2 protein chains.
Amino acid sequence: MSDVIDIAPSVAGVRIDLPQPYLLFLGDADDTTYLKTGQGLIDWAPGLCVAEYKCAGAAASLGLPVMRPREAYAAGARALVLAAASIGGAIRPGWIACLIEALEAGLDIVSGAHDRLADDPRLKRVAEAEGRRLIDVRSPPPGLPIATGRRRSGKRLLTVGTDCALGKKYTALALTGTFRTRGLAADFRATGQTGIMIAGSGIPIDAVVSDFVAGAAELLSPDADPAHWDVIEGQGSLFHPSYAGVSLGLLHGSQPDVLVLCHAHGRERIVGLTGYPLPSIGRAIEVTLDQARLTNPRVRCAGVSLNTAGLRAEEAEAAMAALSSEWGMPVADPMRPGAAFDRLVDACLA
Amino acid sequence: MSDVIDIAPSVAGVRIDLPQPYLLFLGDADDTTYLKTGQGLIDWAPGLCVAEYKCAGAAASLGLPVMRPREAYAAGARALVLAAASIGGAIRPGWIACLIEALEAGLDIVSGAHDRLADDPRLKRVAEAEGRRLIDVRSPPPGLPIATGRRRSGKRLLTVGTDCALGKKYTALALTGTFRTRGLAADFRATGQTGIMIAGSGIPIDAVVSDFVAGAAELLSPDADPAHWDVIEGQGSLFHPSYAGVSLGLLHGSQPDVLVLCHAHGRERIVGLTGYPLPSIGRAIEVTLDQARLTNPRVRCAGVSLNTAGLRAEEAEAAMAALSSEWGMPVADPMRPGAAFDRLVDACLA
């Protein structure tokens, strides 16, 4: 991997670090359905998105200025990000000429696709000749350690879930932003591909060899000032039969002081599997706290982040209020700022 | 990896499969302290150990006939096993000439060392020229799936632990042997390097990328005859802050019907870490069963396998009896056959 990722080991440990800001490459997408990565960047890191660029004839747009790589470089961009590849997707042959143009314009390339950039011989040759980096954010950095279980200074919050894909990343990002708005020192710690692109650094925790998952989580949120908050992006769910081990390693290595449980309104079963009902909110909190106490006996749950996408505002308010009353804790949708979310933030910081 | 391991995907899935029987290579070891892998093979698979072979001047012996590779091949051996490398260790430069002699004699090479065999250019060249395989049992096979959580036919037993390194492999091997002695169809399912060498197949679960651990465990014990037992080698411990995620993924993918909890007499703290006491037997069973129910609601714990190494026979008997009385379940040391172990086996099969 040393030929692909320029890792600078430091006291803080080994993480992926990305050149910024970005030119977003939309590939040959005809609509924004395939631009989840790009949309996440625009939502959460608009200041990092200089422009968009796409193949001739592609219809999709993220609403950014359209620039070719050389223009984008002149405007400050330092990396082209594959914003079209669905996470886990392929690098299409028709994109290669555009990617080479970016390398020649002075941009590194950042990809969350399953295919590795350096596996394309043309990209590899041009990148070497131009002194550019091909950065696959799905590839964990080398040299990850085994977890030690040693307690670290600083405060940590981890978002956990009743299932996958219901808002753990967005919740962590929204909390980080609000902590900062309130004048606190806080960092978002990314554990997945899109999160790493937004943060500019992180470790793709589900791609780490299992022996090193907790150790990677320890590296991701190192010792810090006692008043500093690391807000860590959760992965998977302890109640998901495919991924619970990933979630547990991340939980143990993160040693969170505070958990926020993420849930999607109306979801009753693990998505994509047969026969796996979601736990109740109470059971999810109880089990997660019990496991978390292994590495931080003082962990507590501040409340629930409820994904109410698709509900009207008054329906969402009612759903949050009902759940809050049922379980006796703050419940808020971070995509709907307001009093409920303020109460959740207050509880995190209490 | 395709140039190193000859994987034959089948209905049963993708596992490492080893050529057998073995010539055990003792390297330049001067005493048996460094021969843990070799000793494990002799203890549990004596029929697979044709002979031993070592560097000129090495003093250690496992008590097997001494043969050079060509003699061993004539005596039936089909692979040379690195029995000297401590698991995770290096392949020493002084061994290469011996390993090349083995390849030229018709033997494949099997290694559990951290160094990859094919990373040595001389070994790689000779292996290719001779049509031999270089098999690193630390390298998981490619193409592992994400777990589905689908229930499988057949019976499954998993050994779990209060800590690492206290007898989960030996317990699984002893139970498999006894099940067979009683006329039952049973297979030992190996999840670690030494276990894989003993069984001749398996998946090194702690080397699997975390997203695929539960899926690898599902592959390892596929659908089987309803009366058939898979006895699965546990890894790590749910109470170990470095490795609990590995243990949970293995637990969920294994979907065990029966657990046997392994514990070491007198051990009170997680070995190698500071500040992590072991759970009580009762708590260990309660937590493990609770987690196991996610993928098999009917899981039960049959009893405790107690490592009493270092105790005199009567002390061991007393320790087992005391624990059995305290927790109301069979407690036995599988290395001490007798009535207590028979009761544990009865409870597994009940």
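**Exercise 1.** In this predicted model, identify which elements of chain B are included in what covers the buried residues of α7(B), and then establish how many residues of that helix are buried.

*Solution.* The cover over the buried residues of α7(B) includes three strands, β8 (186–189), β9 (201–202) and β10 (229–232), together with the helix α8 (244–254), each of them belonging to chain B. Turning to the helix itself, α7 of chain B spans residues 213–220 and is mostly covered, with 8 of its 8 residues buried. The buried residues include Glu218(B), alongside Val213(B), Leu219(B) and Leu220(B).

**Exercise 2.** Describe how domain 1 and domain 2 of chain A are placed, and characterise the interface between them.

*Solution.* Begin with the bounds: the domain assignment of chain A gives residues 19–136 to domain 1 and residues 155–349 to domain 2. The C-alpha centres of these two domains of chain A lie 29 Å apart, and 14 residues of domain 1 are in contact with 10 residues of domain 2.

Next, consider the area: the two domains of chain A bury about 960 Å² between them, of which 72% is on carbon and sulfur atoms. Between the same domains the count of salt bridges is 0, while 2 residue pairs are in polar contact, both at pLDDT 80 or more.

Finally, examine the side of domain 1 of chain A that touches domain 2, to which α1 (36–44) and β5 (108–111) each supply at least two residues. The largest share, 5 residues, comes from α1(A), and the residues of this side divide into 8 nonpolar, 5 polar and 1 charged.

Conventions: Residues numbered from 1 in each chain as written. Chains lettered and ligands numbered in written order. Predicted model: local features only at pLDDT ≥ 70, side-chain atom pairs only at ≥ 80, totals over all residues. Heavy atoms only, no water. Domains from an automatic or database assignment. Contact = heavy atoms within 4.5 Å. Buried area = accessible area lost by both parts, 1.4 Å probe. Salt bridge = Lys/Arg side-chain N within 4 Å of Asp/Glu carboxyl O. Polar contact = N/O pair within 3.5 Å; in protein donor to acceptor, adjacent residues only side chain to side chain. Helix = DSSP H or I, 4+ residues; strand = E, 2+ residues; numbered from the N terminus. Nonpolar A, V, L, I, M, F, W, Y, C, P; charged D, E, K, R; others polar. Buried < 20%, exposed > 50% of the residue type's maximum accessible area, 1.4 Å probe, protein only.
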